[in-house]
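Open the model in your viewer and keep the selection tool at hand. The stops below are given in the order in which to select them.

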Amino acid sequence: MFPTTRMRRLRGSETIRALVRETTLAVDDLIYPLFVCPGTDVQNEIPSMPDNCRASVDRMIEDCREVRDLGIPGVLLFGIPEHKDETGSEGWSDRGIVQTAVRAIKKQVPELLVITDVCLCEYTTHGHCGVIRDRKVDNDATLELLARQSLSHARAGADVVAPSDMMDGRIGRIRRALDGEGFADLPIMSYAAKYASAFYGPFRDAAGSAPQFGDRRGYQIDPCNADEALREVELDLEEGADIVMVKPALAYLDVIYRVKSAFPVPLAAYNVSGEFACIKAAAERGWLDEQRIMLEVLYSIRRAGADIILTYFAKQAARVLNGESGAR
Ligand code: PBG
């Protein structure tokens, strides 16, 4: 009780604050998402995601070298295909854009961990995450294509596959497919608790993957639910997920906390495009201190319980954490 107890004693200098700091953030907790598109020498800024680009493989490799040099352990790859069709066939073709990008990274920047997003929405004309039957995504018919897509990523040299589609049973189906083709050691990072969120807006602009009719509420989780997220995580773990993810991160810190409390497994959180865009937009107007907000947000995600953070801030945060002078 005051005056015997004074909480301010441990806040008097940066040295003592650092000594009692409970949460750490390290460059090797971060994963940087990348958008790869066809062509050569292409680097298109994404208007709603400042500092992020859609890049052709050659330019993406330059980015990968920078990511590696900053000490960031890995990238998460999204593909923007040449052509979209009803079943998203470029998504599961060995000649697809992601498969080509993976082969290039593994050849030219082999130290970098390559995680591939497994989902059909970037590759389908209708923009949904699976095969459409009667204006709905057909769960069971989609599983086969997700397994094919995962296998083609594995053959190209992916280090981890990350299914983000939210179909039921996909982790088990993908695990069996990988095991059957000699990829028993390839980990699956499951987007286990993925919410039907408006925070994906900028990403959908970047990937041209907004649904052309309806929305994703028939397969992604209702933002009002958290118990349901725990069930999703439990099922994915039973089916063989090695790392589970909560997405988005900031509006779902309670979910991150609950998942980490319930399951002692590696937990990732995706600090998504809309969360990034909000901060960038406010900072551009001079309304927020971008660097401090970025760190506060990343620390909050770690404090909630995430081991790994997927974030468009990865390079910017790494520069600060590496102590680069003039880092922003
Ligand atoms: C694909 C996918 C999405 C994101 C990651 N994988 C979009 C969606 O579900 O519509 C969003 C990432 C972000 O907003 O940064 N299904």
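Helices α7 and α8 cross in a right-handed sense. To see this in the predicted model, select residues 227–239 for α7 and residues 253–262 for α8. Their axes are 10 Å apart and the angle between the helices is about 45°. That angle makes α7 oblique to α8.

Next, show the side chains where the two helices meet. On α7, pick Asp 227, Ala 229, Leu 230 and Val 233; on α8, their partners are Val 255, Arg 258 and Val 259. Sorted by class, this contact has five nonpolar residues, two charged ones and no polar ones.

Step back along the chain from α8 to the loop that follows β10 (243–247), and select Pro 248 there. The peptide bond leading into Pro 248 from Lys 247 is cis, with omega near -10°.

Stay on Lys 247 and turn on the ligand. A polar atom of the Lys 247 side chain lies 3.3 Å from a ligand nitrogen. Which residues are closest to the ligand? Of the 19 that surround it, the closest are Lys 194, Arg 204, Lys 247, Ser 273 and Tyr 312. Add Gln 220, where a polar side-chain atom is 3.0 Å from a ligand oxygen. Add Asp 117 as well: an N or O atom of its side chain is 3.5 Å from a nitrogen of the ligand.

Two stops remain. Select Asp 41 in the loop between β1 (30–37) and β2 (43–46); Asp 41 has a positive phi of about 55°, although it is not a glycine. Finally, go to Pro 3, in the segment before α1 (14–20). The bond from Phe 2 to Pro 3 is a cis peptide, with omega near 10°.

Terms used. Residues numbered from 1 in each chain as written. Predicted model: local features only at pLDDT ≥ 70, side-chain atom pairs only at ≥ 80, totals over all residues. Heavy atoms only, no water. Axes fitted to C-alpha atoms, helices over the stretch in contact; angles between N-to-C directions. Helix = DSSP H or I, 4+ residues; strand = E, 2+ residues; numbered from the N terminus. Parallel < 35°, antiparallel > 145°, perpendicular 65-115°, else oblique. Left-handed = near helix turned anticlockwise from the far one by under 90°. Contact = heavy atoms within 4.5 Å. Nonpolar A, V, L, I, M, F, W, Y, C, P; charged D, E, K, R; others polar. Near = heavy atom within 4 Å. Polar contact = N/O pair within 3.5 Å; in protein donor to acceptor, adjacent residues only side chain to side chain.
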